[in-house]
Each structure stands twice: as C-alpha cells, then as structure tokens.
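Could you walk me through this structure in my viewer, stop by stop? I would like to know what to select next and what is there.

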Amino acid sequence: MTFPLRGATAVVGIGETPYHKRGKAPLDEDGLRLQAIVEACEDAGVDPADVDGFSTYGHDADATALAPALGTRRLRWASQVAGGGGGGLGAALLQGAAALAMGQARYVIVYRALAQQQSGRLSAAVSSYFFDEHYRAHGLVSPAQVCALRTQRMIEHDGVPAEALRAFAQACYVHAGRNPLAAGRDVRLTDETYLSSRMISEPLRLFDSSRENDGAGAVLLTTAERARDLRQTPAYVLSGAQGAGEDWGELHENDRDYSSAGLAPLADELWADAGIRPEQVDVAQIYENFTGPAVAVMLDLGLVTRENIGELLTVESLTAPGGRLPVNTAGGNIAGGFVHGIGLAAEAVRQLRGTSSNQVPGARVSLLTGGPAAPLVSAVVLGGEDTL
C-alpha cells in the first residue's frame with residue numbers, strides 16, 4: 001500500500017533568526033518567533049495572515065498566542081507534539097503534513113523559539129522535566145549524564161569506535177566553518193583540540209555537546225498543488241514516522257536496547273513509506289544533543305552498521321561536498337546553533353533547493369531526524385520533484 005502522504009505536501013518557506021549567545025537575544029521569544037515565521041512566509045511568497053495551521057514541539061507557545069499578532073484570518077489547525085525536548089521536530093512537520101493532506105488547513109507553520117533570559121536555562125528546564133527522584137537518587141540530574149551512559153554502552157558493548165564521535169563533531173565544525181551564520185564558524189576542531197577539551201560526562205567531551213542559543217526558526221508547509229505555484233523549489237514530504245517502541249519512554253533507563261537512540265522501531269516504516277533505501281539518502285540532518293546519540297540514530301536507521309561504522313564514520317565521509325553521507329551541513333546543533341533543532345529542518349530544505357553553504361551536488365533525498373533518546377522521537381524524509 002502506498003503511503004498516502006507521500007508527495008502530498010511540501011515545505012515551501014524557511015525562516016531563521018541569527019543564533020545569539022544564550023540570554024543575549026535582542027528580542028523576547030515572541031519577537032524571535034514572529035520574526036522567523038514572517039521570514040518563512042516571505043520566503044514562500046505567502047501572506048502571514050493566510051497561515052491557518054500551526055504545529056510545534058518542545059512546549060513552545062501555542063497557536064492562540066500567535067494568531068492575533070500575525071493577523072490570522074482563520075485558525076483551522078493547531079497541534080503540539082507530546083514528549084518534550086527535540087524529539088518532536090520531525091513529528092511537528094509530519095502533523096502539519098497530515099493536516100494539509102486531510103484538508104484541515106491550507107498553510108501550516110512549524111516553529112520553535114528560545115530566549116533564555118525570558119524562559120530560563122533550557123538545560124535546567126529539561127532536567128526539571130525529565131529527572132525525577134528515581135534519577136536524582138542515583139546522581140543523575142542532566143541529559144549529558146544519561147546520554148553518556150548510553151554512549152558508553154554503545155562503545156563498550158556494541159563495539160562502536162570512540163573515534164566515530166570525534167569524526168561526527170569534526171564534520172559539524174567543518175561545515176560551520178563555511179557557514180557565515182554558524183555560531184561555531186571560527187572553531188577549527190583538530191584532533192588535538194577535541195582530545196584536550198574538558199570531559200562533560202565520560203565519554204562525552206565539550207565538543208561532543210550541542211550549544212545553547214537564543215533564536216528561532218520556522219518552516220512553512222502547504223499542499224503539493226499549491227507548492228508548485230509558489231516562489232521556491234518545493235521540498236516534498238516523502239515519509240515521516242514518530243513515536244516509540246514498546247519498552248521506550250520515561251522508564252528510568254530500563255530500555256531493552258539501551259544504546260539505541262529510539263528510532264530503530266521507526267526505520268522500516270520510514271523507508272518503506274518513502275520508497276527509498278537508506279543508502280539512497282544524499283544528505284542528513286541528524287539531531288544531535290550529543291554526538292553519541294547522533295551516531296546511534298545512524299545505526300538505528302540503517303545509515304551505517306556496526307560492522308562498517310569505523311569505515312564510514314570518518315570526517316571525509318561525513319563532509320560535503322564529496323562525502324558518502326554528509327551530515328549537519330550548516331553545522332548542526334553542535335557547531336551551527338541550537339534552538340531545539342529547528343535549524344536542521346531549514347537546512348534539510350536548503351539542500352534540496354541547492355542553496356546550502358555546504359551544498360551536496362545534486363541532492364535529491366534529504367533526511368531530518370528529531371530527538372535521539374527522547375521519550376518520543378521522529379524522522380522525516382524530504383525529496384525533490386524527481387523523487388515523486
């Protein structure tokens with residue numbers, strides 16, 4: 001059976017504010033959010049007042065707080081992905097696509113904003129939300145510690161080389177160095193720099209860790225029929241999957257496959273619905289809170305295997321323009337800037353338009369993933385016109 005959403009909708013507009021040092025944004029979250037949304041609409045050539053669908057994640061502001069400021073003529077659809085964190089990134093796009101395909105909206109905006117002077121430290125909010133007394137009793141109070149435990153398991157039990165983490169981080173910084181908007185564009189991450197950086201939670205070092213920034217991003221979706229009449233090259237939604245396996249979620253680290261990022265149960269559905277194989281992905285934006293879970297995502301989705309990971313996860317292989325599978329080509333959360341991954345969605349679209357600062361020549365299939373090791377995870381496959 002053909003996936004009914006395959007090619008039915010497309011991303012037609014992207015908007016992204018600069019990435020500011022946390023707590024230093026010139027606007028509050030409302031201002032940043034509206035700036036990104038208006039930019040996405042202008043990119044597509046759509047009046048912001050015509051946006052009638054809103055989809056977000058990570059406990060961002062809901063549609064009723066945005067509609068009056070945008071002059072929304074009619075609010076038809078609003079959704080907020082469950083689960084918190086960045087796991088809902090792909091799911092927010094998928095929910096927007098479903099609403100459009102079912103005729104519940106004409107234009108859906110997916111957005112995320114952070115201004116930590118207003119909302120407080122994100123790391124503190126995440127720790128407060130996820131780490132209850134069961135964690136704290138064992139000294140676990142931060143995402144870094146849990147991701148480190150899972151990463152150490154991946155290295156010791158699964159045989160994943162620690163060098164794969166370093167290569168992933170270095171590829172992100174290589175791409176950031178060519179992206180004038182990346183927060184980490186001035187960092188040259190040599191082997192020595194990486195290995196001499198301080199340990200955050202073993203085996204994760206400083207450069208394995210995502211940043212925390214103020215900023216906002218938004219992507220605008222509409223139906224494929226409308227997309228073809230708009231300003232930009234459409235990035236069609238080929239497939240998407242969200243959720244968790246039977247033993248996944250907030251189960252206090254009792255997951256059966258402990259080194260998984262949680263996306264393994266989604267993989268077969270994601271590729272079958274898209275009508276492609278993992279090796280046909282041209283470029284990938286892998287949500288990385290830390291490098292370890294990002295590497296786990298690549299294993300979960302079959303982009304690499306435990307047998308070939310040492311051969312394929314090298315800086316050369318992960319770097320545009322000539323790598324086998326370039327990842328996080330704007331620098332990602334680690335080196336580009338972090339607003340719960342929304343910048344990854346914009347970059348996934350830029351690759352299909354041919355406008356990335358680290359363009360993969362002829363990119364036709366672009367993968368976006370959300371939230372490794374989050375209670376709910378998600379992924380979306382985007383494709384160009386000739387993939388339909």
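Start by selecting Ser-260 and Gly-262: a polar atom of the Ser-260 side chain lies 2.8 Å from the backbone nitrogen of Gly-262. Keep in mind as you go that this is a predicted model. Ser-260 sits in the loop that runs between strand E9 (235-243) and helix H11 (264-274). Is Ser-260 buried or exposed? Its relative accessibility is 7%, so Ser-260 counts as buried. Now show what surrounds it: leaving aside neighbours within four places in sequence, Ser-260 is in contact with Arg-150, Trp-248, Ala-296 and Asp-300.

**Next stop: the cavity**

Ser-260 also belongs to the lining of the largest cavity, so select the whole set: Cys-147, Arg-150, Thr-151, Met-154, Ser-259, Ser-260, Ala-261, Gly-292, Pro-293, Ala-296 and Ala-373. The volume of this cavity is about 50 Å³, and the count of cavities of 30 Å³ or more comes to one. Colour helix H7 (143-156) and helix H12 (291-300), each of which supplies at least two residues of the lining. H7 has the largest share, with four residues. By type, the lining divides into six nonpolar residues, four polar and one charged.

**Along H12**

Stay with H12 and select its buried residues: Thr-291, Gly-292, Pro-293, Ala-294, Val-295, Ala-296, Val-297, Met-298, Leu-299 and Asp-300. Why is H12 described as largely enclosed by the rest of the structure? Because 10 of the 10 residues of H12 are buried. Then step past the end of the helix to Gly-302, which follows H12 and has a positive phi, near 75°.

**From H7 to Ala-162**

Go back to H7 and move on to Ala-162, in the loop between H7 and helix H8 (163-177). With 38% relative accessibility, Ala-162 counts as partly exposed. Draw a distance from the C-alpha of Ala-162 to that of Thr-151: the two residues are 11 apart in sequence and 9.1 Å apart in space.

**The largest pocket**

Now turn to the open spaces. The largest pocket has a volume of about 1200 Å³. It is lined by 49 residues, and the closest to its centre are Pro-143, Ala-144, Ser-210, Asn-289 and Phe-290, so select these five to place yourself. Helix H5 (122-130) and H7 each give at least two residues to the lining, and H5 gives the most, with six. The lining divides into 24 nonpolar, 14 polar and 11 charged residues.

**The second largest pocket**

The second largest pocket holds about 410 Å³ of space. Of its 26 lining residues, select Glu-16, Tyr-19, Asn-179, Leu-181 and Arg-350, the closest to its centre. Strand E1 (9-16), helix H1 (29-44), helix H15 (332-336) and helix H16 (342-353) each supply at least two lining residues. H16 has the largest share, with five. Here the lining divides into eight nonpolar, 13 polar and five charged residues.

**Backbone details in the loops**

Switch to a backbone view for the next few selections.

- Glu-202 and Pro-203: the peptide bond between them is cis, with omega near 15°. Pro-203 lies in the loop between strand E6 (199-201) and strand E7 (204-205).
- Ala-320 and Pro-321: a cis peptide bond joins them, and omega is about 5°. Pro-321 is in the loop between helix H14 (315-318) and H15.
- Asn-328: this residue is not a glycine, yet its phi is positive, about 45°. Asn-328 is found in the loop between H14 and H15, and with 0% relative accessibility it counts as buried.
- His-340: here too phi is positive, about 55°, in a residue that is not a glycine. His-340 lies in the loop between H15 and H16 and counts as buried at 4% relative accessibility.

**Zoom out**

To finish, show the whole chain, with its 16 helices and 12 strands. The C-alpha atoms fill a box of roughly 55 × 45 × 45 Å along the principal axes. For 388 residues, a compact globule would have a radius of gyration near 21 Å, and the 19 Å of this chain agrees with that. Of the 388 residues, 62% count as buried. If you plot a contact map, look at the pairs at least 6 apart in sequence: 77% of these contacts join residues at least 24 apart.

How values were computed. Residues are numbered from 1 along each chain as its sequence is written. This is a predicted model: local features need pLDDT of at least 70, side-chain atom pairs count only at pLDDT 80 or more; totals for chains, interfaces and linings use all residues. Side-chain values use heavy atoms; hydrogens and water are left out. Buried means under 20% relative accessible area, exposed over 50%, partly exposed in between (1.4 Å probe, protein chains only). A polar contact is a pair of N or O atoms within 3.5 Å; within protein, one must be able to donate a hydrogen and the other to accept it, and residues adjacent in sequence count only if both atoms are side-chain atoms. Contact means heavy atoms within 4.5 Å. On a 1 Å grid over the protein atoms alone, a cavity is a set of points where a 1.4 Å probe fits but cannot get out, and a pocket is an open set with protein on both sides within 12 Å along at least five of seven lines; lining residues have an atom within 4 Å of a point. Grid points are joined across faces, edges and corners, and a volume is the space filled by probe spheres set on the points. Ala, Val, Leu, Ile, Met, Phe, Trp, Tyr, Cys and Pro count as nonpolar, Asp, Glu, Lys and Arg as charged, and the others, Gly among them, as polar. The radius of gyration is taken over C-alpha atoms; the globule rule is 2.2 Å times the number of residues to the power 0.38.
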